[in-house]
Amino acid sequence: VNPAKAKSIAWHAMGNNKIPISSRQGKDKIGYCTRLKMKKNTPLLFILALLSPQQRFITMPTANALSQSVVVIGLNAAFQKRFVLPPKTNLIPGNVHRAHDCETGVGGKGQDVGVAMSCLMSSVKDGDDDGSKKVLLAQFLGKGAEGDAVSDLLRTKFGLVDDELTIRNAAPLRTCTTIVGADEATELVETSGEVTNEEMATLQTKVEEMTSAGGKADCVCIMGSMPPGCPDDTYADLVLRLAGKQSLVLIDSVIGLDSLLGALSSIYGEYGDASTDEQGVGGAVLKLNAAELCKLADVTKGSGGEADQVTMEELAASAKGFVKK
């Protein structure tokens, strides 16, 4: 891991279904932490790339079913509300605020990624002869009016097939409300309903049925938090079922990270394993923001808020502590 020599990771889509992965300096050695340059006062993103030099070009499989799919694991879905304050108005605690506008939609990190991937892949589907490429969203979607609204939006507006890996669990779907002011936004997040053992077993069964029929997924995205009732190793369990050596895995979560990284190690083998000579070996990318990195490395931030900026000293200490772990 050498942050000094690697400023960014460039992912460039090319023809023949190949994705080259390289540092901006063009070095062959891939596998480092990098701090992205961002605008002032914007939270820093910290990325750990777990890719060997042999993984510079990743060839996508051409089989049908799951092996032509992107599976987004977003277990903690939400119904999203945006409460927009009048122009030039900010939220004042203790005051009465009347909305200038209200909007509703799909919430949850995994759901946002599923929608984005579905839009990006729509052009691929248009030019695909068999139409087998698709985005699958693995989620617990609570019953009731909010769950029905999100289900309808995912299916009708965004074209996501929401019944293949979606579990309509008994607990009501949570609502997340964003209060949008002139200069800042405040997020109110409800507690998620608990997932039962039977509901988790139903999701695992659906995954097993799909992998038995169609192989491992092209890509697996692991997004956000998990609702109560999910074991800590849920993400590790699902990635072992869904991902193979040729799969790409993107992680934007710190839940159950130790077991998840252990699962990825068992899938891909040791870094630079000479016994792995097949073409099209996949890889994993772990995305962390600065606050998450501090938490994982047991570095105490000087400022208490989750969205507050981290100092360069705290970031450097966090990077060192995370790599040592």
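Me: In this predicted model, which residue stands opposite Ile 251, and in which strand?
Reply: Leu 286, in β15.

Me: What makes β14 and β15 a pair?
Reply: Pairing needs at least two bridges between the strands. Four bridges join β14 to β15 (residues 283–289), and the two run parallel. Therefore they pair.

Me: How do you know that β13 also pairs with β14?
Reply: Five bridges join β13 (residues 219–223) to β14, against a requirement of at least two. These strands run parallel. One of the partnerships sets Cys 219 against Leu 248 in β14.

Me: Why is the crossover from β13 to β14 called right-handed?
Reply: The chain leaves β13, passes through helix α4 (residues 234–242) and enters β14. With the strands pointing away from the viewer, a clockwise path over the helix counts as right-handed. This β-α-β crossover is right-handed, so its path runs clockwise in that view.

Me: Why is β14 called mostly covered?
Reply: Buried means under 20% relative accessible area. Four of the five residues in β14 (residues 248–252) are buried, so the strand is mostly covered.

Me: How do you know that the span of α7 agrees with its expected value?
Reply: Helix α7 (residues 312–324) has 13 residues. At 1.5 Å a residue, they should span 18 Å. The end C-alpha atoms are 18 Å apart, so the two agree.

Me: What puts the buried residues of α7 on the same side?
Reply: The buried residues are Glu 314, Leu 315, Ser 318, Ala 319 and Phe 322. They cover an arc of only 135 degrees around the axis, so they lie on the same side of α7. On the other side, Glu 313, Lys 320 and Lys 324 are exposed.

Note on methods. Residues are numbered from 1 along each chain as its sequence is written. This is a predicted model: local features need pLDDT of at least 70, side-chain atom pairs count only at pLDDT 80 or more; totals for chains, interfaces and linings use all residues. Side-chain values use heavy atoms; hydrogens and water are left out. Buried means under 20% relative accessible area, exposed over 50%, partly exposed in between (1.4 Å probe, protein chains only). The expected span of a helix is 1.5 Å times one less than its number of residues. The arc is that of the directions from the helix axis to the C-beta atoms.
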